[in-house]
Amino acid sequence: MRTAFITGANKGLGLAAARGLGEQGVRVIIGARDPRKSDVAVRELVQAGIDAEPVLVDVTDPASVRGAAEEVARRHGHIDILINNAGILPEATAEEVDGPLDPRMFETTFATNVLGAVEVTHAFLPLLQKAKAGRIVNVSSTMGSLADQSNPDSPYYGVVVPAYQTSKAALNSITIALSKKLSDTPIKVNSACPGWVQTDLGGQQNRAAAPLTAEQGAQIITKLALIDEDGPTGQFFDANGPVRW
């Protein structure tokens, strides 16, 4: 049985990805900060016949990340899939933003969206290297595409959230670099854009306006997590295919 570790998996996209993988026979480990919420998510999955379990992790706390990796190693020895899903968009919900480039927004956003993904990948990579064919999926956004940001015809052209957009551009760059570093291994690394999804990421306004459910958005994440040995690496995809960097 393959095992997947998913950050930020107690709700939204992460939970939907866990459900999708679980339905394919993958054991899913729900990584989350809140033990109560993660337990609720695990019970929901188990009731649906999915092999699921919780592991507490705060991606912004290196000690917490290391502890989570050690716990997973004790339980299972390895993982087959890592999904860096945990992400935040404080610019959408902050009461005040200090100018067009608020340093606080960058510090907070990068701590989770970039450094968190780096810490988790660093800690869990030895467990992936013990698998026959490890897979890493970084949950990104088309809003992190430089080509899309500069395209007046893009539906996202008028959306300007600099800290979030640059954090996802940085995550995409990490995807490319890591895929090169691991090119001589069976591990594949890709970025996934789930689309505009009805989650809490952008607050209640986002939930009301977004056209996609979490289950619909998670499909590209699960697809990339389950690619075979002939699948891509170092690429960026949404439901319609490759996304321009």
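Below is a short exchange on why certain labels apply in this structure.

User: What kind of model is this, and which residues count for its local features?
Analyst: This is a predicted model, where local features need pLDDT of at least 70, side-chain atom pairs count only at pLDDT 80 or more, and totals for chains, interfaces and linings use all residues. Residues are numbered from 1 along each chain as its sequence is written, and side-chain values use heavy atoms, with hydrogens and water left out.

User: Why is Asn85 called buried?
Analyst: Its relative accessibility is 10%. Buried means under 20% relative accessible area, exposed over 50%, and partly exposed in between, with a 1.4 Å probe and protein chains only. Asn85 therefore counts as buried. Asn85 sits in the loop between β4 (81-84) and α4 (103-113). Helices (H or I, at least four residues) and strands (E, at least two) are DSSP runs, numbered from the N terminus.

User: What makes the pair between Asn85 and Gly8 a polar contact?
Analyst: The side chain of Asn85 reaches the backbone oxygen of Gly8 at 2.9 Å. A polar contact needs a pair of N or O atoms within 3.5 Å; within protein, one must be able to donate a hydrogen and the other to accept it, and residues adjacent in sequence count only if both atoms are side-chain atoms.

User: Why is Asn190 called buried?
Analyst: Asn190 has a relative accessible area of 1%, so it is buried. Asn190 lies in strand β6 (residues 188-192). A polar atom of its side chain is 2.9 Å from the backbone oxygen of Pro232.

User: Why does Pro186 count as partly exposed?
Analyst: Its relative accessibility is 46%, so Pro186 counts as partly exposed. Pro186 is in the loop between α7 (162-181) and β6. Beyond four places in sequence, Pro186 is in contact (heavy atoms within 4.5 Å) with Lys132, Ala133, Gly134 and Arg135.

User: How do you know how α3 and α5 are oriented to each other?
Analyst: Helix α3 (residues 62-76) and helix α5 (residues 115-128) pack at about 20°, with axes 9 Å apart. Axes are lines fitted to C-alpha atoms, for helices over the stretch in contact, and angles run from 0 to 180 degrees between N-to-C directions. Angles under 35 degrees count as roughly parallel, over 145 as roughly antiparallel, 65 to 115 as roughly perpendicular and the rest as oblique. So α3 and α5 are roughly parallel to each other.

User: Which residues make the contact of α3 with α5?
Analyst: Pro62, Val65, Ala68, Ala69, Val72 and Ala73 of α3 meet Glu119, Val120, Ala123, Phe124 and Leu127 of α5.
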